[in-house]
Amino acid sequence: MDAVLLSRIQFGLAAGFHFIFPPLTLGLTLIIVIFESMFYKTNEELYKSISSFFIKILALIFALGVATGIVLEFSFGTNWAEYSRMVGDIFGAPLAAEGIFAFFLESVFLGVLLFGRKKVSRGFYLFATIMVFLGAHLSALWILIANSWMQTPAGFVMEGGRAVMSDFFAAIFNPSTFVRFFHVVVAAWITGTLFTAGVSAWYLLKDRHVEQSKKVIKVSMAIFISMAILQFVSGHIHSVQVTQLQPEKMAAFEALWETTKGAPMSVIGIPIADEQKTYFEIKIPKLLSLLAHFDPNAEVKGLNAFPRDEWPPVMLPYFSYHIMIGLGTLFALMAIIGGVLMARRKLISTRWFLWALVLAIPLPHLANQFGWIAAEVGRQPWAVYRVLKTSAAASIVVPAGQILFTLIMFFAIFTLLLVLFIFILLKLIEKGPQTGDEAGY
Amino acid sequence: METIEILQNAWFFIIGFLFIGYAVLDGFDLGIAVLMPALAKKNSERQQVMDAIWPFWDGNEVWIITAGASLFAAFPHTYATVFSGFYLALMLVLFALIFRAVSMEFWYYDEKRKNIWSWAFVVGSLVPSILYGVALGNLLVGIPIDASMNYGGTFFTLLRPYPLVIGILGLAAILLQGATYAAHKTDGVVQERAQMLVNRILALYAVALVLSFIVTVIYLPQTLSRFPVWIAAIVTVGALSGVYMWSKNGFDRKAFMSSSLAFIGLWGIVGTTMYPNLARSTVNEAFNLTIYNSSSTQITLTAMSIIALIGMPVVILYSFYVYRIFKGKVSIKQ
């Protein structure tokens, strides 16, 4: 088999598996900061038990995040050595900055959260939760800076086939950094708060930990509702940015073959790239032009405007993008219903909606994964957009057989970890928030 | 010296510093994990051993992540050549680190499989503890690097006598970190066992040092004419006698500090042997990867220097503070 393809599958597997954990971390640290602040203000045990419960879950998620994240950092050298040579002058810096500015902060203060409850003051403990929150989000920022540079590279010049940095700030604040960070953090907060809302909905349905769950579900829903609505704004800005800066990616998302004035938005269909045709397509006329250019008759570039060998695959980004948007719409719907129920003070008594919250726990993960697949597969055939092809980025010296072996190993290990993660997560949820000395290990 | 050369030299030291931070700090939690079967016989004792490192190990592991990323940022060619060349060996390290990272959580919660996770913790720590030294030994003695900076060997090229001896030396250094830390941080029967282990590990360490000296005379004789190498070697040997003296007289904290100093001495030997190379080529000396031919550009190194100068002092400050929060011995939970 082809070594480049195997490396792509391996990196995709590792990044996809890793990406289960950081969004949960971001959302959970937000909830923890909120309840720890309430405990600091009121000194009520109830809030402490909530905060401690989610800290235990955070520890599990964090351990898996670390274990899988280190694989990615090594992978640039092991599997993508040519990439590292060609763009390491720019790409390495945000990874190093992530370690120095973010990951240390998150890890060191997580130790305080897990074992320091009785050793530090309430004020310092709250400070530690804020540091973990800050570290997690700064970590996301630096990693997304690196990813954004692959999508919309800036601040560099080509020297002897290598991309070298010409302007540090232009590189890190490249045109997609902020909108991507905005989009991903909102997605992460949706993921985290739907998790905490779903867990407390489960307790309410089972009539357990009712006092805690009432608090958690209200706070979680308030954040979830605003984020699910806000995600339409961030998603829209992000799409406009992609249309402007990576037009062939947007053309693949929408299966827009020909450059069109008054381009329609594709709702559903089956795009076949070889035939340049979309079967069973339902379209909304002029909507893509309107959304992308604020003008229903504006011209949107189609795939045929680009050389065939620079097209991304069409079907996978198309479906990923549409499933993501579908799920986003579902979240918005849930947010509206939840908002109405909350306004009428019926949230806690509406059992079918509580069930819906429980069942929705895994859905943001699907949206995250599909959004990420759309973004990264839509970037193909480039590793760094219009700078370095993926086919030229892989290590030269690693034989395909060895990659196949490690790919199988990773697949087996990640499957095992996923099963155990869910098993222990359910165990922790089964045990629930504890009061008094039970908190902590 | 031109500005770029100053920066390249500075990054040689900064990355050395990050690897030393990793060796000293994660060294003790890797070492204590490898020694777990000798230190703890009952689950309550295993819990005590884990409690001794639990608040710190996450933060300690960040040192290797930052060191690796800094190598990527400052010397991308070295990062690319070495990581792709050592593919299978590094993948083994990764598999081990994955199991090590999750084994403590799983050990704690997965009652039915406590035994399995306890062993995952041990083996997941043993594999990197040996392979780090083997990898470093290869960079010291040289690997087949061609004119286009690519590695020309196989997995078995890595298992030559010189790197294997350095692998044993690295393991001994990590075990000594673990044993002296356990003696300093625990009490009761675990502490007694740890104190007993220190002497045995010192014997292993001494043998490994003699062997390293012999293989260096055989494979890297030019090292012996480098004066700073001898200073670093004296620091190491002196610090090890300190470990022996202090451990014998029950000054466990000082023994741990001394073991850490010995580890810094070892890195001093590595640094003074290598400089200005980062990876030697056995094909042709001209193909050595050095801090000059494998580095990033001046703009990147400048930006990275600012990041490190702002960030690392803060990291050291709060890490130190958090270590102080958890000072004192860890006992068996009632």
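Is Ile336(A) partly exposed or buried, and how many other C-beta atoms lie within 10 Å of it? The model is a predicted one, and in it Ile336(A) has 13 other C-beta atoms within 10 Å. A residue counts as buried at 20 or more such atoms and as exposed at 12 or fewer, so Ile336(A) is partly exposed. Ile336(A) belongs to helix α11 of chain A, which covers residues 315-343. Its C-alpha atom is separated by 47 Å from that of Thr78(A), a residue 258 positions away along the chain.

That distance can be set beside the dimensions of the chain. The C-alpha trace of chain A spans about 65 × 50 × 40 Å along its principal axes. The radius of gyration of chain A is 23 Å, which agrees with the value near 22 Å for a compact globule of 441 residues. Of these 441 residues, 52% are buried. Among the contacts in chain A with a separation of 6 or more, 76% are between residues 24 or more positions apart. The secondary structure of chain A consists of 14 helices and eight strands.

Two hairpins of chain A can be followed residue by residue. In one, strand β1(A), residues 156-159, runs antiparallel to β2(A), and four bridges join the two. Glu159(A) has Arg162(A) in β2(A) as its bridge partner. Two residues lie between these strands, and Gly160(A) in this hairpin takes a positive phi near 55°.

The other hairpin is made by β4(A) and β5(A), with four residues between them. Strand β4(A) covers residues 265-272 and strand β5(A) residues 277-284; they run antiparallel and are joined by six bridges. Ile272(A) stands opposite Lys277(A), while Met265(A) is placed opposite Ile284(A). In the turn, Gln276(A) has a positive phi of about 50°. As for the side chains of such elements, in a regular strand they alternate between the two faces of the sheet.

Strand β2(A) also leads to the interface between the chains. There, 56 residues of chain A are in contact with 54 residues of chain B. On the chain A side, the elements that give two or more residues are α3 (45-78), α4 (81-115), β2 (162-165) and α14 (400-431). The largest share of that side, 23 residues, comes from α4(A). Sorted by class, the side of chain A that touches chain B has 37 nonpolar, 13 polar and six charged residues.

The nonpolar residues can also be traced into the interior. The largest nonpolar core has 271 residues, and α4(A) gives the largest share of this core, 22 residues. The residues with the most contacts inside the core come from both chains: Phe224(A), Ala172(B), Ala179(B) and Ala182(B). Leaving aside neighbours within four places in sequence, Ala172(B) is in contact with Ile201(B), Leu204(B), Tyr205(B) and Ala208(B).

A helix of chain B gives a contrast to Ile336(A). Helix α5(B) covers residues 76-85, and ten of its ten residues are buried, so this helix is largely enclosed by the rest of the structure. The buried residues of α5(B) include Pro76(B), His77(B), Tyr79(B), Val82(B) and Phe83(B). Also among them are Thr78(B), Thr81(B) and Ser84(B). Ile336(A), by comparison, is partly exposed, because its 13 other C-beta atoms within 10 Å fall short of the 20 that a buried residue needs.

Key. Residues numbered from 1 in each chain as written. Chains lettered and ligands numbered in written order. Predicted model: local features only at pLDDT ≥ 70, side-chain atom pairs only at ≥ 80, totals over all residues. Contact = placed C-beta atoms within 7 Å. Nonpolar A, V, L, I, M, F, W, Y, C, P; charged D, E, K, R; others polar. Pairing = 2+ DSSP bridges. Rg over C-alpha atoms; globule rule 2.2 N^0.38 Å. Core = buried A, V, L, I, M, F, W, Y, C linked by C-beta atoms within 7 Å.
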